[in-house]
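Colleague: Please take a close look at the places where the parts of this model meet, and describe them in a connected way for a reader who is new to the structure.

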Amino acid sequence: MNWLIAILQTALFVAMAPLLAGWLKWCKCRLQNRKAPSLLQPYRDLLKLTHKQPVVSKQASWLFIATPYIVFSATVLAATVVPLIAVDLPTSASADVIVMVGFFAFARFFLALAGLDMGTAFGGMGSSREMTISSLAEPAMLMAVFTLTMTASTTNLSGAIAHVINEGMVLRPSFVFALPALLLVAIAETGRIPVDNPATHLELTMIHEAMILEYSGRHLALIEWASQLKLMLYGVLIANIFFPWGIAETFSAEALGYGLLAITGKLALLAIVLAIAETLFAKMRLFRVQEYLSFAYLLGLLGMLSHIILEAAR
Amino acid sequence: MILLSAYCAVLLSFASGLLALMMNQRQIMLAMSQYSINKFFSGNVKCRNWVNKSLEEQHYPAFLRQAVFVLLGFSGLFAVIAGLAVLISNSVITDQIALGLPWLPWHIRFDALSGFFFLIIGIAVCAVSLYGPGYVSSYKEKEHPFASLGLFTGLFVAGMLLVLLADDAFMFMIAWELMSVASYFLVAFQHENPANRRAAFLYLLMAEVGALSIILGFGVLASFSDGFTFDALRESKLSVTWASIAFVLALLGFGMKAGIVPVHIWLPEAHPAAPSHISALMSGVMLKVALYGLIRFSFDLLGDIHWQWGVALLALGTLSALGGILYAMMQPNLKRLLAYSSVENIGIIFMVLGLAMIFMANGHPQLAALGFLAALLHAFNHALFKNLLFLGAGILQHQTHELNIDMMGGLIKKMPQTSLLFLVGCMSISSLPLFNGFVSEWLAFQTALQVDVLENGVLRSLIPVAAAALALTSALAAACFVKVFGLIFLGQSRSENSENAHETGHKGMLAGPALLAGLCFFIGIFPNAIIQLINTVSGQLLGQTLPNDSALDWLWLAPVSPEQASYSAPLVLIGALIAAGICYWYLRRNPLTVIRKAETWDCGFGGLTPRMQYTSSAFTMPLRRIFARVWIVDEQINKDMQGAMNLDVAAVHYKLQIEDHSWPLFYHPIARGVNKLAKQVGRIQTGNIRTYLSYSFATLLLLLWVIS
Amino acid sequence: MIAAYLVLFIPFVGIIFFAIVGHKTDMGKINVWLNGICLLASIWLAINVLNQGTILSPNKAFLIDSFNVYLIALTAFVGLTTSIFSSSYMAHEKELGKLTDNRLKLYYSMYQGFMLAMYMVLTTNNMGIMWVAMEGATLATVLLVSLYRTPESIEAAWKYFILCGVGIAQALFGTILLYYAAVQIGDGENALLWSVLYENARQLNPEILQIAFVFLLVGYGTKIGLVPLHNWLPDAHSEGPTPMSAVLSGLLLNDALYAVVRNKMLVDGATHNNMAGYLMMGFGLLSFLVGALFLHRQKDIKRLFSYSSIEHMGMMTFAFGVGGPMATFAALLHMTVHSLTKSAIFVTVGHAAQITGTQSMDKIRGLIKTQPRVGWGLLIGTMAIAGFPPFGVFTSEFLVLLATMHSYPWLAPFLLLGIGIAFAGLFRHVQSMVYGDKPEGQHPVKANLWPVIIHLGLVLWLGLAIPGFLANWFSQATLLISGSTPL
Amino acid sequence: MHIEQTDFYTQAILSMAALVGLTSFLMLGQSRLLRLIFVFALQGFLLTITTVLAGYSLDSHHLYISAALTLLLKVIFIPWMLRREVMHMNAQRSIQALKNKTMVMLGGASLMVFSYYILHPIVPTTSPVMLNALAVSLSVVLLGMLLMISHRQAVAHVVGFMSIENGLFFAAIVATKGMPMVVELGVAFDVLVAAVLFGIFFLHIRTSIDSLDVDLLNRLNEVDK
């Protein structure tokens with residue numbers, strides 16, 4: 001039963017990811033007074049890509065072709081860990097938050113390799129930048145997450161979230177730092193403005209896109225899907241860690257229903273916030289990203305220290 | 001029985017060394033074999049023919065190399081057996097050998113800790129001896145006599161094993177120095193290159209200084225006890241001050257060998273200089289022996305730990321981890337890069353060991369056991385994947401005659417097996433899930449997250465910072481090894497050599513790394529297999545095992561408690577396979593969408609050339625800008641101008657020099673000081689006999705005045 | 001007792017014999033034979049002593065106890081191996097036409113003369129005769145130092161002669177004071193006999209003995225090469241023929257130290273403050289550190305190793321000064337291994353110099369490629385002398401260190417500093433000589449490296465395990481010197 | 001106790017001691033080689049007389065032998081050899097500028113005092129004549145070294161060396177009524193050989209640096225220029 005629900009939830013995760021992307025795009029267009037594509041546009045794109053014949057360079061090795069599958073499945077695995085609508089899932093015991101970060105690293109590793117596989121300048125540029133940014137973002141992310149895990153004294157995500165709920169409404173100074181830290185990291189990791197611009201066509205400013213320039217057809221579809229999934233993952237993380245209310249603690253039908261509604265609402269709101277932010281800010285120069293990320297890192301560290309000194313002080 | 005196999009391991013390694021000496025004594029071998037055949041199997045014609053054939057002029061060298069490495073392999077095998085046996089039987093065996101000082105025979109002690117490191121060495125040696133014959137076959141007997149290589153390899157291994165067996169200070173030092181000296185000769189093996197000579201000298205010098213401070217450390221202990229046996233030293237009761245002095249001395253000595261910043265500088269010089277399978281042993285195993293020394297000294301001999309030591313280890317470890325990986329990032333030379341990354345990994349191990357000490361000193365032995373576990377596991381893993389990578393580097397050097405990663409590229413098609421093995425190594429070392437590096441790092445994080453139990457506020461805020469540094473380190477490591485694999489194996493060939501490279505013909509050269517790679521993956525999936533063993537070590541040494549070994553079944557890894565944290569690699573693997581399988585099946589079902597091969601899109605300009613690719617320095621440029629302060633960067637861009645008014649650029653020359661800060665900070669001043677002092681002292685020798693007479697005159701008067 | 005007389009008689013014959021026919025062709029062989037017989041005789045002597053303890057000759061002229069008997073054996077042994085080396089070396093020198101017949105006569109007969117003086121120093125029971133023999137050793141070697149008659153060699157010999165002469169004169173004054181103190185309690189003729197002195201050391205007048213010891217220390221210390229009395233040593237070593245350097249480093253210094261230790265035993269018996277010990281420690285440590293620093297600036301290969309001799313003699317003096325069973329044991333062991341190793345090194349150095357035709361180290365390169373045995377010999381010998389296990393030097397240094405940690409912990413860091421500096425100083429030179437590609441015009445020479453192999457083998461053996469009889473021997477000597485034994 | 005209360009032998013010995021000391025001083029101050037050698041011979045002669053005296057008054061006959069040896073070696077042979085050297089070098093008139101002579105002399109005087117000071121602790125155990133004899137001989141030894149340090153000719157060095165030997169001899173004879181015979185003979189033999197060697201060396205040094213100025217023997221040094 002539990003396993004079934006876990007798998008279903010993962011499926012739901014995967015299914016909803018493009019929808020979130022669509023909604024985000026919709027909001028942005030609205031905010032920029034443009035006519036918005038339909039919410040289902042991402043699904044259409046994916047479907048179309050899967051039916052196209054993929055073109056692969058003669059230069060490419062098996063690694064280039066394997067990468068999309070690896071990236072996608074790694075992201076899906078990450079999705080199994082994060083509680084979407086219900087806590088204490090069996091899957092989330094098999095891998096805790098550190099492992100989840102590991103999954104992201106796994107995906108990134110191969111993506112970067114694929115970028116280098118073609119031996120073009122853009123690919124190398126993309127993977128170099130991606131690895132740089134991620135290597136700055138990962139510690140910041142872990143800092144923020146550790147604040148939570150030390151609060152809940154467990155690295156098991158669903159356990160931690162359950163712990164936050166059961167404590168009820170507690171104002172934690174550490175979360176005041178951790179939340180923005182996680183937000184900043186999420187923006188950086190998912191390649192949104194102001195760090196990266198997913199919609200750009202100017203190669204020299206690309207980061208994430210530059211790596212996947214050579215992909216087409218179903219491979220591109222998988223990678224796109226994976227990155228939408230990643231965006232959703234971060235969204236869910238933020239939503240469920242800091243505002244866990246509404247998430248189902250029992251596997252009864254209505255609880256799950258409420259949970260679904262709750263998460264949908266939270267994500268919708270979050271997306272709006274993100275859209276507003278993306279509309280307000282401009283993309284920043286590559287070498288200012290470090291300052292941005294070190295700020296995130298600082299926030300995370302402050303969060304952790306304030307947890308240790310203010311909350312768990314002896 | 002267990003001890004016997006341990007002895008066998010030592011003796012066999014000696015034997016392999018001695019056998020190598022017979023390289024130039026074919027006649028003697030011939031005579032001996034004839035004699036033995038006539039004596040024992042006089043009837044057996046087949047074996048006689050076989051021997052005669054193998055001892056013929058042209059076959060002899062190859063045959064001898066084979067034999068030497070076979071012996072070495074058996075020694076490794078015996079080491080593994082002995083280690084496993086002692087770990088499983090959880091026993092402590094002591095013995096004495098009638099060598100050494102008249103009133104102090106060599107004391108032998110073989111316990112779980114030694115056994116664990118025996119295991120590490122054994123595995124590494126097995127892999128190397130599979131790999132060796134192929135690798136050394138490329139050396140010319142004239143310039144690089146196999147005799148010395150084989151001899152010192154044998155002595156090196158024997159020295160390391162003896163260090164683990166030693167149970168008194170005297171034998172320990174002898175074995176320790178045997179290890180250092182033998183490896184010195186191996187570093188100096190290709191001595192026609194001045195850089196190697198310099199590296200060897202630096203290495204031996206620092207080994208000597210380290211050994212001296214270790215002796216002094218033992219001396220401090222010994223002066224509080226009677227005798228130099230470890231039992232006597234264990235009994236010695238030291239005041240906190242003296243204990244700390246001893247610890248600092250030991251830390252300096254062993255740290256120098258382990259290569260923690262800032263006493264690491266010999267390491268990136270020496271490891272590239274040695275032949276690759278030796279660098280593999282040095283980097284993968286010898287550093288672990290130094291770690292063993294530190295653990296033995298602090299946890300076993302000194303006994304009661306003080307938290308300040310833990311903090312010292314934590315700080316040094318963090319420094320080494322970050323410094324190591326940042327310097328590694330900048331190296332274009334593959335083996336230098338790997339050596340620096342060893343510094344990083346040793347740093348991680350020291351960090352976790354420091355955590356263990358802190359928990360120990362604050363009365364949380366269980367958590368101490370956890371940290372200890374993480375440290376030893378990472379040591380084990382590092383031995384595996386660092387060996388793997390060095391052996392891989394050896395293959396690359398062997399096939400492409402290059403070590404500069406900017407000169408390679410596109411090898412994944414030319415050397416598929418090697419590239420696969422190397423990929424596994426890279427994934428393990430950048431601690432990706434499903435591989436062994438990740439497990440130990442996960443445990444390290446788990447240890448760091450237990451900080452809440454501590455009273456001391458400083459520690460409580462210090463440890464998380466260290467954890468963050470650890471996170472940064474691992475992320476940087478991933479970036480670094482993406483660079484390594486990407487530039488070496490992917491893209492287009494950057495040089496003639498890599499263009500013409502092909503897979504190595506020697507099966508052994510692939511078998512050795514394959515063994516290690518397999519172990520990397522296996523430990524990544526079933527870490528508990530090895531964790532069980534380490535548990536006995538910590539049980540013997542700290543008197544405390546993991547909080548709940550109950551949760552240690554084959555499937556789950558839950559070091560503290562299932563509620564707090566759990567990781568099940570097998571399930572993850574299954575999940576990954578399912579997910580990948582589904583989408584693969586789904587997407588490949590449509591026959592119309594078979595992959596079409598085409599040229600890479602070159603933006604409409606002419607063809608893509610290899611020179612358009614990102615180079616190592618280009619890849620790391622953003623990080624070089626971000627962490628600019630870490631290195632002494634000397635970057636020069638010169639343009640050749642031409643044409644009218646000399647305005648248009650003909651060629652651009654780019655030169656990048658990355659220097660280590662610790663040279664100008666520590667080492668140059670010391671060298672200058674010694675030379676200056678020597679210069680001053682030289683003035684005594686004026687050459688004028690009357691001055692000399694007045695010396696003796698003055699001495700006489702002075703002494704007379706003193707005693708009167 | 002006959003053995004002792006034999007040991008003394010053979011070299012005496014040798015002097016005269018070689019003085020007459022020393023220039024004939026295979027005199028080197030005969031030299032080897034003579035030393036070989038001496039070795040056998042000394043071994044016989046050693047066995048006697050092992051069985052029946054201290055031997056005192058009927059006329060009280062000679063005294064063989066466990067302290068000097070092993071030095072006698074060592075002297076004979078090193079004398080033999082060095083003579084093996086010198087036969088091939090001298091043959092080569094003669095081919096090069098560096099030596100005339102008379103010089104060869106001089107060389108061989110003085111070689112024996114030196115051996116005679118050494119045996120005399122060791123066997124005699126009379127402190128006065130010990131002095132005479134010590135002076136005799138100087139006189140015997142001084143002409144060998146100037147054997148090549150180059151200006152440098154003459155200068156070196158002159159300095160050697162004057163400095164050692166003056167030093168030894170001071171030692172004589174010390175001896176006279178000793179005698180003066182002795183006659184106050186004993187009869188005149190026997191007053192200088194060691195056996196007598198040692199028995200009634202307690203009644204000797206401590207003040208006089210202190211003064212006497214200062215003179216003796218400065219006097220014999222000049223011969224030991226203690227800083228700042230060492231200045232003759234590097235010159236004499238570097239300018240003489242290499243076999244001479246080998247025996248000077250291997251034997252002469254040891255015997256001078258032996259003389260000092262004998263006197264120290266007396267003084268310790270008389271005075272109950274540890275004055276002698278402190279003086280020796282001071283001198284020893286100073287010589288150790290200064291010698292180590294000197295190593296860094298050397299250009300001449302033989303000077304290099306002569307400074308290392310100074311350093312090691314300093315170490316031994318220090319160890320004897322520290323006193324106590326362990327330090328004394330270590331010092332005795334160090335005497336043995338040092339003279340074995342150092343003479344082995346000088347053998348290889350001599351061949352290296354012949355290979356390259358120069359002694360200046362920045363011209364010697366790539367020995368391992370030119371003549372592997374010589375190169376490896378030099379390298380491994382240097383390893384041994386720098387105190388790397390499993391060679392015996394390490395054992396003794398280890399023991400000295402731990403003894404120091406026990407008695408004077410604050411001195412141990414200086415020792416370590418010295419060892420480190422000395423190691424660096426040796427290796428920065430030696431490594432560049434043995435390794436690397438071979439330069440033009442280096443050709444292998446006919447070399448007999450058995451001495452090196454035997455010596456280093458012995459040192460290795462001593463490092464791994466000290467054989468029972470030797471340990472027993474050392475511990476008896478230790479008992480004699482320090483009053484207790486480590487076993 | 002006062003000198004008039006002592007017996008004649010003691011007085012003679014003491015005056016001998018005084019004279020020997022004086023000769024050492026003369027040598028120290030001497031700048032002309034020939035005179036230096038002459039004074040050295042004189043010292044040797046005084047030593048001989050002392051030996052005879054001691055031999056006579058203690059009627060220990062072997063002292064006569066050593067007296068004879070001394071006469072032969074220190075009064076006749078060595079001075080003759082040195083004189084020949086000097087003539088050979090025709091350096092007899094060479095006035096070697098002895099730098100700050102007064103300082104050297106003062107140093108010598110203070111050495112005399114110093115040697116008394118050194119030997120002071122042994123007063124209770126000995127008679128004043130012994131003390132004086134030892135002190136004088138010690139100062140002769142020290143003055144001999146000072147002579148070698150302050151003079152630059154090899155000849156002067158030999159003289160200094162030998163005068164050190166004289167000092168030792170004096171101590172041996174007076175304080176301890178002569179060493180055992182074997183030692184005496186051994187010492188005499190050594191002195192003889194040393195003298196011969198000196199002769200040989202003068203030859204070599206002259207051929208190598210055609211001068212006897214030891215300051216020119218400074219090839220082997222380690223001071224970087």
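Modeller: The answer below begins with the contacts between chains, continues with those within a chain, and ends with some local backbone features.

The model is a predicted one, in which local features need pLDDT of at least 70 and side-chain atom pairs count only at pLDDT 80 or more, while totals for chains, interfaces and linings use all residues. Residues are numbered from 1 along each chain as its sequence is written, and chains are lettered from A and ligands numbered from 1 in the order in which they are written.

Of the 4 pairs of chains that touch, chains A and B share the most contacts; two residues are in contact if their C-beta atoms, placed from the backbone, lie within 7 Å. Here 72 residues of chain A meet 65 residues of chain B. On the side of chain A that touches chain B, two or more residues come from α2 (41-51), β1 (55-57), α3 (62-81), α4 (91-94), α5 (97-117), α6 (121-152), α10 (217-242) and α12 (289-311) of chain A. These labels denote DSSP runs numbered from the N terminus, a helix being H or I with at least four residues and a strand being E with at least two. The largest share of that side, 17 residues, is supplied by α6(A). By type, the side of chain A that touches chain B holds 37 nonpolar, 26 polar and 9 charged residues. In this division Ala, Val, Leu, Ile, Met, Phe, Trp, Tyr, Cys and Pro are nonpolar, Asp, Glu, Lys and Arg are charged, and the others, Gly among them, are polar.

Chain B also meets chain D, with 13 residues of chain B in contact with 15 residues of chain D. Helix α27 (residues 689-707) of chain B provides the largest share of the side of chain B that touches chain D, namely 6 residues. That side comprises 4 nonpolar, 7 polar and 2 charged residues.

Chain A does not touch chain C, and their nearest C-alpha atoms are 41 Å apart. Chain A and chain D are likewise not joined by any contact, and their closest C-alpha atoms lie 54 Å apart.

Contacts are also found within chains. Chain C is divided into domain 1 (1-125) and domain 2 (308-487), with bounds that come from an automatic or database domain assignment. The C-alpha centres of these two domains of chain C are 24 Å apart. Between them, 14 residues of domain 1 of chain C are in contact with 20 residues of domain 2 of chain C. Helix α3 (residues 66-95) of chain C gives the most to the side of domain 1 that touches domain 2, with 12 residues. That side of domain 1 of chain C divides into 8 nonpolar, 5 polar and 1 charged residues.

In chain D, helix α1 (residues 8-29) and helix α5 (residues 128-150) pack at an angle of about 10°, with axes 10 Å apart. The axes are lines fitted to C-alpha atoms, for helices over the stretch in contact, and angles run from 0 to 180 degrees between N-to-C directions. The angle therefore makes α1(D) roughly parallel to α5(D), a term for angles under 35 degrees, with over 145 being roughly antiparallel, 65 to 115 roughly perpendicular and the rest oblique. Among the residues that make this contact are Leu14(D) and Ala17(D) of α1(D), and Val136(D) and Val140(D) of α5(D). The contact of α1(D) with α5(D) contains 14 nonpolar, 6 polar and no charged residues.

Some backbone features remain. Most residues other than glycine have a negative phi, and most peptide bonds are trans. A cis peptide bond, with omega about 5°, joins Ile193(A) and Pro194(A), and Pro194(A) is in the loop between α8 (173-189) and α9 (208-211) of chain A. The peptide bond from Val261(B) to Pro262(B) is also cis, with omega near 5°; Pro262(B) is placed in the loop between α10 (240-258) and α11 (266-273) of chain B.

Asn90(B), which is not glycine, has a positive phi near 50° and lies in the loop between α4 (60-89) and β1 (93-101) of chain B. Leu434(B) has a positive phi of about 80° and is found in the loop between α17 (416-429) and α18 (436-449) of chain B. Asn90(B) is partly exposed, with 15 other C-beta atoms within 10 Å, whereas Leu434(B) is buried, with 21 other C-beta atoms within 10 Å. A residue is buried if 20 or more other C-beta atoms, placed from the backbone, lie within 10 Å of its own, exposed if 12 or fewer, and partly exposed in between.
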